[in-house]
Amino acid sequence: MGKSLSIPVAVLLQQKIVQGKGWSVPEWHVVGVLGGEHSGTEVSAPVLVRHEDRQYLWGGYRLNLYLDSCESDWHNLTGEQPSLFVICTETQHGRMQPLIVTADGLEASASTEGDDRVFRAPIPPELYLRIEKFVVDNYVPRERKKRKRQKWTEGERS
């Protein structure tokens, strides 16, 4: 297995309009991440329109796995809620556009410090198996070593 793995994915985003008295605000969430070549471009188009809810399929993305993020990916896979993280930005027209799809929780966490939004989606079984194989083939957990305390009082004599 190589030093990285790149898996084609598409992201299904949903926009729901939340209305109040005299106001309305779009609310976004990720419906899911789909494995495979669903679209060759990064241009969204509504794939389903139902009342005020709109779903947009964004294709042409890649889930990239790297050796240096194997530990984070391993923790994600073995955690209570294994997830893919979709990092999005808001366009000039008020839509959410995915920037990155990752399994690395540290990368997702770092993205929350800017203006980007991070959405969590369950890992589809076919992607879970590919991520798991990459991590198992490339990650060797390091044994944690406890530091020995130095006896600082023995070295000093007054």
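Me: In this predicted model, are Trp 28 and Tyr 56 buried or exposed?
Reply: Buried means under 20% relative accessible area here. Trp 28 and Tyr 56 are residues of strands E2 and E4. Both come out as buried.

Me: And how far apart along the chain are Trp 28 and Tyr 56, which form an aromatic pair?
Reply: Their rings sit 5.8 Å centre to centre, with 35 degrees between the planes, a tilted pair. Trp 28 lies in strand E2 (residues 23-35) and Tyr 56 in strand E4 (residues 53-66), so the pair links distant parts of the chain. The separation is 28 residues.

Me: What kind of pair do the rings of Trp 74 and Tyr 139 make?
Reply: The ring centres are 5.7 Å apart, and pairing asks for centres within 6.5 Å. Planes under 30 degrees apart would be stacked and over 60 edge-to-face. Theirs are at 40 degrees, so the pair is tilted.

Me: Okay, which class of exposure does Trp 74 fall into?
Reply: Tyr 139, its partner, is buried at 16%. Trp 74 has a relative accessible area of 33%, and buried needs under 20% while exposed needs over 50%. That makes Trp 74 partly exposed.

Me: Switching to the largest pocket: which element gives the most to its lining?
Reply: The pocket has a volume of about 160 Å³. Of its 14 lining residues, those closest to the centre include Asn 64 and Tyr 66. Two elements, E4 and strand E6 (96-102), give two or more residues each. The top contributor, with five residues, is E4.

Key: Residues numbered from 1 in each chain as written. Predicted model: local features only at pLDDT ≥ 70, side-chain atom pairs only at ≥ 80, totals over all residues. Heavy atoms only, no water. Phe/Tyr/Trp six-rings, centres within 6.5 Å; stacked < 30°, edge-to-face > 60°. Helix = DSSP H or I, 4+ residues; strand = E, 2+ residues; numbered from the N terminus. Buried < 20%, exposed > 50% of the residue type's maximum accessible area, 1.4 Å probe, protein only. 1 Å grid on protein atoms, 1.4 Å probe; cavity = no way out; pocket = protein on both sides within 12 Å on 5 of 7 lines; lining within 4 Å. Points joined across faces, edges and corners; volume = space filled by probe spheres on them.
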